[in-house]
Every structure is written in C-alpha cells, then in structure tokens.
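Visitor: I would like to understand how the labels on this model are earned. Could you take me through the reasoning?

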Amino acid sequence: MQAYPLYRPRRSRRWKWSRELFSESKLRTNDLIQPFFLLDGKNKEVNIEKMPGIQRYSIDRLFYKLEEIEELKIPLIAIFPCLEDHLKTNNGEEALNEDGLICSTIREIKKRFPGIGVMADVALDPYTNHGQDGLIDEAGNVINDETVRVLCKQAQIQAEAGADVIAPSDMMDGRILAIRKTLEDLKKTDTLIMSYTAKYASAFYGPFRDAVSSKLEKTASKETYQMDPRNTDEAMREATLDIFEGADMLLVKPGLPYLDIVYRLNASFDMPIFSYQVSGEYAMLKTAVMQSMLNEKDAVLESLICFKRAGSSGIISYFSMQAARWILDLEK
Ligand code: PBG
C-alpha cells in the first residue's frame, strides 16, 4: 500500500455515493429475524415492562404483525410462549402439548402465511415452575440426558406442527445429534436446526425472563449449562460438536459483547453464523433512546451492521421490524 500523500483514505469517504461504493458490509431486511412473545386467548396485546415498545400478542393480534413481516421481507420469525403460571410444572409437561400455545400457533401461521419461516425454541424454561431450561434432580441440578429425551419430544411436536427451524436454546450436551436423529426418524429431512452453539450465561437475558414470565429465582443461575463469558476456545469446541451432530446454523448469544466469538467462528468454520441481539441489549439501547441520549435509527442500524461486519449471516433482534422499515426507507 502507498503511504500518505499518495494514498489518502479520506478520498473514498468524500461523497455519499463513494461511501456507498466502498462499503464492505450490507444490511438487508432478509438478514433479520424477528422474535415474538405469544399469549393464549384472543385480542390481547400486553406490554413487557422491561422491554419498552415490545408486546406479547395473542394469535389474532400476531397475524397483523405477520402481514407486516411479509411486506418487510423479513424471512424468519422466532416464537416464544408466555404461559400462565398454572401451566408451569416441575417437569414442564406443557412443553409436550401438541395443542399447546406454540404448536397451535405454528399450525395457524403456516396455514395463513406459508411463506414466512417459523423458528421454534427448544428448552423448558417457559414451562417449568423453577425456570431452569431442563429437568432437575432433588438437589436442583439440571440433568442432561433425561432432559435431552424431553427436548427431542418437544422438537418432534414442533416439527410436526410445521416449524421450519428448530432452535435448541437449552445448552444440554448431545441434544443436536439426538434432535437430528429424531427428525430423520420422522422423515422431517427439510427441518433446519439453528443450534444455540455459543450461548453464554449472561446477565443480558434479564428482560426476556420477564417477557416469558420465567420463574427463575434471583439467586438461581444457569452457569452449569450455559457458557462462561470468559471463554472462547470453548465456543470452538461447541461449534465442532454441533456441526458434527447435524446443525445447519450456529448461533452466538448475546450479540454485541460477543462479536469476537462470531468473528472467530466465522473464520474457522464454513458454516452460517447467526447472532442474537438479546433482550438486555434491546433494553439498553431503548432506554438510552427514551432518555434522548441516543438517536434510535442511527444507533440501532449501526449496531446491526456491526453484526454483519463481524461475520454474522443473520441477526435475531427485537429491532428487526423497525430496522426493516428504515432499510426500505418506509420511515425516516
Ligand atoms: C431460554 C432462552 C433465553 C433467551 C432465549 N431463550 C433466556 C435464558 O436462557 O435464560 C434469551 C433471549 C433474550 O434475552 O432476548 N431458553
């Protein structure tokens, strides 16, 4: 490379058109995945206190949003249930109810909006009265192999209901292989698996737990199965396993504080890597916006392009629909 003054980096930044021409990363609406929180019943739209601007919807209300999802060309949605307390049990049996909130919603969506991809979460935390992602023994430890068996059944009914992407967020060992075998046995050979490969035990999930009315006690933690935020080699081992076990997409979660993990996985594996800009990240940005400390459009679009620059194929974000409107210039 030439040195100054032969090379002047500012030349490429001089004009809007030249900045566009020289841009290395692009954010399109089809890079975005929108999560939705679901409620039983009709005509319900309930605010989530810790996620200002995000609501939980009953299915009839969700349909209005899905019309927009189609218009905005957002390819995939992720759905999470918010159950009433009386449906939550020690073993989370409601997770296996074929006529429960998630499976019936998947069937309805696929009937009315066959062109929208639907991703279903595999984990027990919205269904257990202790809020852990799996079954627990008497001492309260999450037991791996028994949990995996239940998760396979949960994945099975979701796939049978029509879920396009099965997304195990539970972090049990061996669950990708077990779920892949389950799907093969069902002849569900087209069902994708988005593995939460590097899901860290993070403080940034707080508002989500509010959104699904999780019963996890303040003193409880998920550190025996979610990853240690201090580690990166461990993410490489998790990725190696998940690819070997039959995952189609690898997810890193949380988002912005973990872009080094995205970068490293993307450099090391020829697999699509996805990011989850989680509830706590949403809350931080939104709160700063509400206090007029940040410009929402600029800050949100910058945060999303950073995922692309780091190597994410796509991003799960609570800002997806809003960002898509900005990208398509439907809203200033
Ligand atoms: C639970 C699950 C969590 C999230 C997605 N799936 C929370 C947790 O692990 O406690 C967090 C998403 C977010 O914070 O936006 N299986």
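Guide: Gladly. A residue is called buried when its relative accessible area is under 20%, and exposed when that area is over 50%. Keep in mind that this is a predicted model.

Visitor: Why is K222 called buried?

Guide: K222 has a relative accessible area of 6%. The cut-off for buried is under 20%, so K222 is buried.

Visitor: Where does K222 lie along the chain?

Guide: K222 belongs to the loop between α6 and α7 (233-245). The C-alpha atom of K222 is separated by 6.1 Å from that of A201, and the two residues are 21 apart along the chain.

Visitor: What makes W17 exposed?

Guide: Its relative accessible area is 57%. Exposed asks for over 50%, and therefore W17 is exposed. W17 lies in helix α1, which covers residues 16-22.

Visitor: Which residues make the nonpolar surface patch with W17?

Guide: W15, L21 and F22 make the patch together with W17, and its area is about 530 Å². Patch members need over 30% relative accessible area, and the 57% of W17 passes that cut-off.

Visitor: Let us go on to the pockets. What is the volume of the largest pocket, and which residues line it?

Guide: The largest pocket has a volume of about 450 Å³. Its lining is made by K16, R19, E20, S23, E24, S25, K26, L27, I305 and R309. Helices α1 and α10 (296-310) each give at least two of these residues, and the largest share, three residues, comes from α1.

Visitor: How do the residues of that lining divide by kind?

Guide: Six are charged, two are polar and two are nonpolar. Lys, Arg and Glu count as charged, which is why K16, R19 and E20, among the lining residues, fall in that group.

Visitor: How much space lies in the second largest pocket?

Guide: About 340 Å³. It is lined by 16 residues, and G206, R209, L216, E217 and K218 are the closest to its centre. That lining divides into seven charged, five polar and four nonpolar residues.

Visitor: What makes a space a cavity and not a pocket?

Guide: In a cavity the probe fits but cannot get out, whereas a pocket is an open set of points. Rolling a probe the size of a water molecule over the atoms shows where empty space is left.

Visitor: How many cavities of 30 Å³ or more does a search of the whole structure find?

Guide: Two. The largest cavity holds about 120 Å³ of space, and the second largest about 70 Å³. Both values pass the 30 Å³ mark used in the search.

Visitor: Which residues lie nearest the centre of the largest cavity?

Guide: D125, K199, Y205, F208 and K253, out of 17 lining residues. The elements giving two or more residues to this lining are β7 (192-199) and α6 (206-211). Seven of the lining residues are nonpolar, seven charged and three polar.

Visitor: And what lines the second largest cavity?

Guide: Its lining consists of P81, L83, E94, A95, N97, G100, L101, I102, C103, Y127, I157 and Q158. Both α3 (101-112) and α4 (144-161) supply at least two residues, and α3 gives the most, with three.

Visitor: How does the lining of the second largest cavity divide into nonpolar, polar and charged?

Guide: Eight residues are nonpolar, three polar and one charged. Glu counts as charged, so E94 in that lining belongs to the charged class. Gly counts as polar, and therefore G100, also in the lining, is placed with the polar residues.

How values were computed:
Residues numbered from 1 in each chain as written. Predicted model: local features only at pLDDT ≥ 70, side-chain atom pairs only at ≥ 80, totals over all residues. Heavy atoms only, no water. Patch = residues over 30% accessible without salt bridge, like charges linked within 9 Å, V, L, I, M, F, W, Y side chains within 5 Å. Areas by Shrake-Rupley, 256 points an atom, 1.4 Å probe, with all protein chains shown as cover. Salt bridge = Lys/Arg side-chain N within 4 Å of Asp/Glu carboxyl O. Helix = DSSP H or I, 4+ residues; strand = E, 2+ residues; numbered from the N terminus. Buried < 20%, exposed > 50% of the residue type's maximum accessible area, 1.4 Å probe, protein only. 1 Å grid on protein atoms, 1.4 Å probe; cavity = no way out; pocket = protein on both sides within 12 Å on 5 of 7 lines; lining within 4 Å. Points joined across faces, edges and corners; volume = space filled by probe spheres on them.
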